Amino acid sequence: MKRSWLVGACLLFANTAALAAQKCPRIETAMVDKGFSEVAPWHVLSGGAGECSFMTANSSISFGFNHMVAASTEAATASAVSMREAVVATSLLEPMLVLGDEGFSYQPKNDAGKVDPKSMFFYGHRGSVNVSGYLNLKDAITPAQRDFAAHLIAATLGVASSPKALAKETNCPYLAAGVVKRLLPTGEVSAIVPNADSCVMSAGGKVITVSVTKNAQSRQMAESMLAVGGCTVDALPKLGKPSGLMHHCSEGNPRAEALFVSNGRMFRLVFVSTAEPSEDDRAAVAELAGFAARK
């Protein structure tokens with residue numbers, strides 16, 4: 001459950017970040033054009049300190065990466081080992097030492113045991129930083145293209161040796177540290193902060209996600225989301241309208257989810273647990289929402 005929620009959160013952030021970001025601070029677009037020139041030109045779909053995604057005019061052709069900062073080097077290495085174990089039985093896997101001692105590329109097999117030769121995923125680590133990546137092309141990915149993608153992704157792991165860069169990739173301005181500790185009291189906390197408007201904190205099988213989006217339909221989007229999912233919705237009167245705290249939903253994972261709009265921005269804070277969040281958990285999520293609203 002934890003892994004699927006982290007992947008889903010990263011996809012959400014890539015989609016929402018695309019509204020504002022047009023530059024990747026970790027990888028130059030010219031390098032992507034050079035390595036995959038047969039489908040150039042490429043453009044940045046989303047970009048931030050710990051996440052970038054690129055695309056061509058054909059939306060099925062894409063490349064990108066995402067960082068997750070673990071609590072320690074040992075935890076990051078263990079995460080890479082765990083990821084390898086999770087996919088090795090159902091994927092065509094190749095070790096990629098450029099991505100760390102436990103780094104690898106993989107292509108999931110379908111029910112017939114075949115892989116899509118045009119699609120490939122990557123996973124690696126350095127220091128306390130894990131990285132996942134992907135590459136989708138119009139033709140079968142060659143070994144040279146695989147290696148080029150792996151080297152581009154590996155180059156982003158330089159952040160592991162920079163305290164300043166690590167701080168930027170673990171500091172979420174919308175989360176109060178004390179409240180996060182109440183919701184994630186056990187286990188080592190891992191952080192994903194792809195950009196200034198999104199972040200994920202996880203530990204012990206529990207996950208907190210935050211996403212902030214701004215567009216002309218923020219109010220309508222929040223109203224619509226509060227009305228779906230078969231959830232009980234508690235009022236958040238201090239956060240105005242539309243706002244609410246959803247829980248005991250008939251669809252999806254057990255969660256407490258706060259939604260509200262402030263200054264044209266829609267805030268979405270989600271706490272996903274292994275069991276239905278308690279009243280104290282929901283109060284903590286409401287407290288996080290109030291903290292975020294002041295940012």
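## Contacts of Glu-188

Beyond its neighbours within four places in sequence, Glu-188 is in contact with five residues in this predicted model. They are Ala-71, Ser-72, Ala-75, Ser-202 and Ala-203. Ala-71 is a distant partner in sequence, 117 residues from Glu-188. In space, the C-alpha atoms of Glu-188 and Ala-71 are 5.8 Å apart.

Glu-188 sits in a loop. Helix 6 (177-183) lies on one side of that loop in sequence, and strand 8 (190-195) on the other. Is Glu-188 buried or exposed? Neither label fits: its relative accessibility is 49%, so Glu-188 counts as partly exposed. The cut-off for exposed is over 50%.

## Strand 12 and its cover

Strand 12 covers residues 243-247. Five of its five residues are buried, so the strand is mostly covered under the 20% cut-off.

Which residues point which way from strand 12? Ser-243, Leu-245 and His-247 point one way. Gly-244 and Met-246 point the other way. Residues of both sets are buried.

## Pairing partners of strand 12

Strand 12 pairs with strand 11 (residues 232-234). The two run antiparallel and are joined by three bridges. Within this pairing, Val-233 stands opposite Met-246.

Strand 12 also pairs with strand 13 (residues 255-262). This pairing is antiparallel too, over four bridges. Here Gly-244 has Leu-259 of strand 13 as its bridge partner. Gly-244 and Met-246, which point the same way from strand 12, thus appear in bridges to strand 13 and strand 11, respectively.

## Overall fold

The protein contains eight helices and 14 strands. Its C-alpha atoms fill a box of roughly 55 × 45 × 40 Å along the principal axes. What radius of gyration does the protein have? The value is 19 Å, which agrees with the figure near 19 Å for a compact globule of 295 residues.

Contacts across long stretches of sequence are well represented. Among contacts with a separation of 6 or more, 52% join residues 24 or more positions apart. The Glu-188 and Ala-71 contact spans 117 residues.

## Surface and charge

Of the 295 residues, 50% count as buried. The accessible surface comes to about 13500 Å². Carbon and sulfur atoms hold 55% of that surface.

How many charged side chains of each sign are there? The protein has 27 positive and 25 negative ones. The centres of the two sets lie 6 Å apart.

Methods
Residues are numbered from 1 along each chain as its sequence is written. This is a predicted model: local features need pLDDT of at least 70, side-chain atom pairs count only at pLDDT 80 or more; totals for chains, interfaces and linings use all residues. Side-chain values use heavy atoms; hydrogens and water are left out. The radius of gyration is taken over C-alpha atoms; the globule rule is 2.2 Å times the number of residues to the power 0.38. Buried means under 20% relative accessible area, exposed over 50%, partly exposed in between (1.4 Å probe, protein chains only). Contact means heavy atoms within 4.5 Å. Accessible areas come from the Shrake-Rupley method with a 1.4 Å probe; for residues, only the protein chains shown count as cover. Lys and Arg count as positive and Asp and Glu as negative; His and the chain ends are not counted. The place of a charge is taken as NZ of Lys, CZ of Arg, CG of Asp or CD of Glu. Two strands pair if DSSP finds at least two bridges between them.
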